[in-house]
Amino acid sequence: MTPEEFRQAGHAVVDWIADYWATLPERPVTSQDPPGTVAAGLPAGPPERGEPVEAVLADLDKLVAPGLTHWQHPGFFGYFPANTSGPSVLGDLVSAGLGVQGMLWATGPACTELETVMLDWLAEALDLPARFRSTGPGGGVIQDSASSATLVATLVALHRAAGGRWREVGVDRRYRVYASTEAHSSIEKAARIAGLGSDGVRLIEVDPESQAMSVTALRAAIEADRAAGVVPALVVATVGTTSSTAVDPLPLIGPVCAEYGVFLHVDAAYAGAAAVCPELRFGHAGLEYADSYCFDPHKWLLTGFDCDAFWVADADELVEALTVLPEYLRNAATESGAVIDYRDWQVPLGRRFRALKLWFVLRWYGVEGLRTHIRRTVALAARFADRVRADDRFELVGPHPYALVVFRLRAPDGANEQLLAAVNATGRVFLTHTRVAGRYTLRLAVGAPQSTEAHVDEAWQLLAEAATALAPPG
């Protein structure tokens, strides 16, 4: 493909994406086709000769788009948002066009330095502690996801708990990771990958009202493990749990970690984005105790997947735990010690120029534009919660400090399952479920930039009508 051919094809692709976004409200949120439909529509093998971009775009319309769950749809309220934006897509396009492999400063100086500055910009926007900035002992890096950030934090915690032996001898003792029963499943996966096994994770009970980690139970678990010869290595506290956006009490957890010398990682994958708004920084109280912290701009901050922002308070400790330097990567810049080589801050060697899309987003919207987006979606969630609260057939399950509303019918679990299935079957909206205190519970998470009051009201209307159909009056 010549530059001129690329120019023409690129215009066609950008037009296709713009048309896709423009027509999203008219599409069903989820695919209406049975499993295997897309695969059945594809040829059995690759084409012998190349095809024009028009043919590919035609098949995007015919085969791919109808087989999608449309995460950018204004009626998509499932899971947590994973929303992109025009500036993010353009930044990704530039990154793909440049084709930089940013494993070392030497392999792409601008790739590294832009990323360092972008993480400092984000730290300022969220008002993170000064020790997470590159101007201090710590710094930030872009991981692909909060799952990877948790894995890296686990490895650094093991390195610290082993007094540095972990690099050479591996897991030579019994170590423990602590998280609440509401924490993300990636914590257990990280422990397995790190060689601790599922038994290496101790889940701490939560307060039945707040669904936040019990500090009394955490202290008791740490003391019991120490008495049994198990080494407490890591506590993962969550700001905004997946099920209910509960916030673990960092001001109480932090001193316990400091007392016992346990590494504290804070997972704010979803809710961290809210901290661009000063009034929504309550979850960060006590963050000065954290050894590492992460959140996902690719969830709620208009930056396309994948982009997790991960900070550490001690960059030297992170590099010491993960660095491996074969001869073929040696270079003068690395040897000088004056540059950051982000290969030492993650599990893979290679890395994309992810900072470009973050740069485009921050430049286009500015911090105030991002605050407007967050505040708007929080207000939409509050609007929906008011509808739930006003209908005696429903109940809110806990508070809704961010843009997630957790609710259910005042009915058995089976009725709530039927309600969710009926609403999602309309194709107009998509919600997901969880269990809170053992009860089947529905979740509505607002995040798409196209979502408006009309879409939230439609979701409520569909729920109310489905509830009436399940249990008609009289």
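In this predicted model, E395 stands opposite R408 in strand β9. That strand is a useful place to start, since six of its six residues are buried, so β9 is largely enclosed by the rest of the structure. The points below cover the strand and its partners, the unusual backbone positions, the cavities and the aromatic rings.

**Strand β9 and its partners**

- Strand β9 covers residues 404–409, and both of its faces are covered.
- On one side L404, V406 and R408 are buried, and on the other side V405, F407 and L409 are buried.
- Strand β8, residues 394–396, runs antiparallel to β9 and is joined to it by three bridges.
- Strand β11, residues 439–445, also pairs with β9 in the antiparallel sense, over four bridges.
- Within β11, L444 is the bridge partner of V405.

**Unusual backbone positions**

- Most residues other than glycine have a negative phi, and most peptide bonds are trans.
- Q211 is not a glycine, yet its phi is positive, at about 65°.
- The loop between β3 (201–204) and α9 (215–227) holds Q211, which counts as buried because its relative accessibility is 7%, under the 20% limit.
- T245 is also not a glycine and has a positive phi, of about 55°.
- T245 is found in the loop between β4 (231–238) and α10 (250–260), and it is buried, with a relative accessible area of 2%.
- The peptide bond that joins F305 and D306 is cis, with omega about 10°.
- D306 has its place in the loop between α11 (297–300) and β7 (308–312).

**Cavities**

- Two cavities of 30 Å³ or more are found in a search of the whole structure.
- The largest cavity has a volume of about 40 Å³, and its lining includes V156, R160, F263 and D291.
- Two elements, α6 (146–161) and α12 (315–322), give two or more residues each to the lining of the largest cavity.
- That lining divides into five nonpolar residues, no polar ones and four charged ones.
- The second largest cavity has a volume of about 30 Å³, and among the residues that line it are V239, R281, H284 and Y402.
- The lining of the second largest cavity consists of five nonpolar, three polar and one charged residue.

**Aromatic rings**

- The count of aromatic pairs comes to 18.
- In one of these pairs, the rings of Y79 and F430 have their centres 6.0 Å apart and their planes at 50°, so the pair is tilted.
- This pair links distant parts of the chain, 351 residues apart: Y79 is in the loop between α3 (53–64) and α4 (86–98), and F430 is in the loop between α15 (413–425) and β10 (432–436).
- Y79 is partly exposed, with a relative accessible area of 44%, whereas F430 is buried, at 13%.
- F282 and Y402 form a stacked pair, with 5.4 Å from centre to centre and 25° between the planes.
- F282 lies in the loop between β5 (263–267) and β6 (292–295) and Y402 in the loop between β8 and β9, so this pair ties together parts that are 120 residues apart in sequence.
- F282 is partly exposed, with a relative accessible area of 41%, while Y402 is buried at 1% relative accessibility.
- F282 and Y402 belong to one aromatic cluster, together with F80, Y270 and W300.
- R443 lies over the face of F80, at 5.0 Å from the ring centre.

Notes:
Residues are numbered from 1 along each chain as its sequence is written. This is a predicted model: local features need pLDDT of at least 70, side-chain atom pairs count only at pLDDT 80 or more; totals for chains, interfaces and linings use all residues. Side-chain values use heavy atoms; hydrogens and water are left out. Buried means under 20% relative accessible area, exposed over 50%, partly exposed in between (1.4 Å probe, protein chains only). Two strands pair if DSSP finds at least two bridges between them. On a 1 Å grid over the protein atoms alone, a cavity is a set of points where a 1.4 Å probe fits but cannot get out, and a pocket is an open set with protein on both sides within 12 Å along at least five of seven lines; lining residues have an atom within 4 Å of a point. Grid points are joined across faces, edges and corners, and a volume is the space filled by probe spheres set on the points. Ala, Val, Leu, Ile, Met, Phe, Trp, Tyr, Cys and Pro count as nonpolar, Asp, Glu, Lys and Arg as charged, and the others, Gly among them, as polar. Rings of Phe, Tyr and Trp (its six-membered ring) pair if their centres lie within 6.5 Å; planes under 30 degrees apart count as stacked, over 60 as edge-to-face and the rest as tilted. A charge sits over a ring if NZ of Lys or CZ of Arg is within 6 Å of the ring centre and within 35 degrees of the ring normal.
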